[in-house]
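Have the sequence and the 3D view open side by side. This report goes from place to place, so turn the view as you read.

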Amino acid sequence: MFKTFIAVASCVLALASTSLSAADATAPIVIKFSHVVADDTPKGQGALLFKKLVEQRLGGQVQVEVHPNSSLFGDADELEALRKNEVQLLAPSLAKFEQYTKQLQVFDLPFLFDDLDAVNRFQKRAKGRQLLRSMESNDIVGLAYWHNGMRQFSGPRALRTPKDAAGLAFRIQPSDVIEAQFARIGATSAKIPFAETLAALQSGKVQASENTWSNLYSQKLYTVQPVITESNHGALDYMLVSNPRFWYSIPHATRTQLEAIIDEVTFAVNHAAEEQNRADRERIVATGKTQVVSLSAEERQAWREAMRPVWKQFEPNIGEDILKAAEIVNRKK
Ligand code: SIN
């Protein structure tokens, strides 16, 4: 009886793994890479570079299809599609994994990281690396962190102090931390998919938002936001993810080459992202359509103090060890 059960179970497992397997001996492995941003953004460029390098080095064995701008899957369904192996690579922003792990909430904590270099240091250290594996039991494996950049506030007025945000309605990513960040200062927020953000601002459903320079520019969000406050208050970075059953079914030699390509693309994306955001900031300023104001060191410090209770609120979810590891990266050593 027990032997029969084992035989049947092995058969079921074999079938399940076949349906997720990367390739039979003859057909090329197809990797669909879906994302929600434009091609001319750090993530969009990264996806195209990955496709190019795979075609150069593994042409015939692996094919990559890139689907930008929520054209295949959007925020609402992309991670479920990955778990069902309907898409094989995604790079959602770190705020979008909340349903699968609470530990990544550390990246959304407002005014925790001083700048993108601090975020980078955290991602490279042990605790940051550990988080790449935090969703494997949910059929999601992290392959790399990709930068976009730091988030800026945008809206009808300058947000020099937390009080300036009171009463505004913000479009936010689906993150309880970002929701708490705005609740803390008397603002409201609505979790709206990225693809619907411009329309939500145009229609007045929300008046304000927060995003990186490259997203504010490429989605034309700046055209409906009179003031951008250069707050650099949180990271908007990505985790390149796959379905572990798909990923580990790729023959070892091919997977090793894919991982080497991912390392190369990660290096390129992470070096280009800051420059892209700097250039998009300049492009926005040059249009003259929106005013850009920067926070002084004192104003930034006042924001950080106002936000510390949010860090405390989420510490039980994130883990004290992870939060501590993140707090010390601002020290540079
Ligand atoms: C993205 O950069 O992938 C989108 C971020 C957002 O939803 O604001």
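What follows is a short tour of a predicted model, beginning with its ligand and ending with two loop residues.

**The ligand and its surroundings**

Start with the ligand. It sits in the largest cavity. Which residues surround the ligand? They are Val36, Val37, Lys43, Lys96, Arg171, Gln173, Phe194, Asn211, Asn215, Leu236 and Tyr238. Several of these side chains place a polar atom close to a ligand oxygen atom. The table lists three such pairs.

| Side chain | Partner | Distance |
|---|---|---|
| Lysine 43 | oxygen atom of the ligand | 2.7 Å |
| Asparagine 211 | oxygen atom of the ligand | 2.8 Å |
| Asparagine 215 | oxygen atom of the ligand | 2.9 Å |

How much of the ligand does the protein cover? On its own, the ligand has 260 Å² of accessible area, and the protein covers 100% of that area.

**Aspartate 75, a loop residue**

Now find aspartate 75. This residue lies in the loop between β2 (62-67) and α3 (78-83). Look at what aspartate 75 touches beyond four places in sequence: Val36, Lys96, Arg171, Pro193 and Phe194. Some of these names should be familiar. Val36, Lys96, Arg171 and Phe194 are also among the residues that surround the ligand.

Take two of these partners in turn. Valine 36 is 39 residues from aspartate 75 along the chain, yet their C-alpha atoms are separated by 7.2 Å. With phenylalanine 194 there is a polar link. The side chain of aspartate 75 reaches the backbone nitrogen of phenylalanine 194 at 2.8 Å.

**Two buried strand residues**

Serine 34 comes next. It is in strand β1, which covers residues 29-34. Is serine 34 buried or exposed? Its relative accessibility is 0%, so it counts as buried. The cut-off for buried is under 20%.

Who packs against serine 34? Beyond four places in sequence, it touches His67, Leu72, Phe73, Glu78, Val87, Leu89, Leu90 and Ala91. Pick out phenylalanine 73 in the view. It is 39 residues from serine 34 in sequence, but 6.6 Å away in space, C-alpha to C-alpha.

Threonine 229 belongs to another strand, β9 (residues 227-230). Threonine 229 is buried too, because its relative accessible area is 1%. Its contacts beyond four places in sequence are Gln152, Phe153, Arg157, Ala158, Leu159, Val293 and Leu295. One of them also takes part in a polar contact: the threonine 229 side chain reaches the backbone nitrogen of leucine 159 at 2.9 Å.

**Two residues of helix α2**

Move to helix α2, which runs over residues 42-58. Lysine 51 is in this helix, and so is arginine 57.

Are they buried or exposed? Neither word fits. Lysine 51 has 25% relative accessibility and counts as partly exposed. Arginine 57 has 39% and also counts as partly exposed.

Each has a side-chain partner. Lysine 51 is joined to the side chain of glutamate 55 by a polar contact of 2.8 Å. For arginine 57, the partner is the side chain of glutamate 264, in a polar contact of 2.9 Å.

Now check the contacts beyond four places in sequence. Lysine 51 is in contact with Val64 and Val66. Arginine 57 touches Gln257, Ile261 and Glu264.

Two distances help you place this helix. From lysine 51 to lysine 32, the gap is 19 residues in sequence and 10.0 Å in space, C-alpha to C-alpha. Arginine 57 and lysine 124 are 67 residues apart along the chain, and their C-alpha atoms are separated by 27 Å.

**Two loop residues with positive phi**

Finish with the backbone. Most residues other than glycine have a negative phi. Where should you look for exceptions?

Go to the loop between α5 (126-131) and β4 (141-150), where aspartate 139 lies. Aspartate 139 is not a glycine, but its phi is positive, at about 65°.

Then go to the loop between β9 and β10 (235-242), which holds asparagine 232. Its phi is also positive, near 45°, and asparagine 232 is not a glycine. With 27% relative accessibility, asparagine 232 counts as partly exposed.

How values were computed: Residues are numbered from 1 along each chain as its sequence is written. This is a predicted model: local features need pLDDT of at least 70, side-chain atom pairs count only at pLDDT 80 or more; totals for chains, interfaces and linings use all residues. Side-chain values use heavy atoms; hydrogens and water are left out. Helices (H or I, at least four residues) and strands (E, at least two) are DSSP runs, numbered from the N terminus. Buried means under 20% relative accessible area, exposed over 50%, partly exposed in between (1.4 Å probe, protein chains only). Contact means heavy atoms within 4.5 Å. A residue is near a molecule or strand if one of its heavy atoms lies within 4 Å of it. A polar contact is a pair of N or O atoms within 3.5 Å; within protein, one must be able to donate a hydrogen and the other to accept it, and residues adjacent in sequence count only if both atoms are side-chain atoms. Accessible areas come from the Shrake-Rupley method with a 1.4 Å probe; for residues, only the protein chains shown count as cover. On a 1 Å grid over the protein atoms alone, a cavity is a set of points where a 1.4 Å probe fits but cannot get out, and a pocket is an open set with protein on both sides within 12 Å along at least five of seven lines; lining residues have an atom within 4 Å of a point. A molecule sits in a cavity or pocket if more than half of its atoms lie within 2 Å of its grid points.
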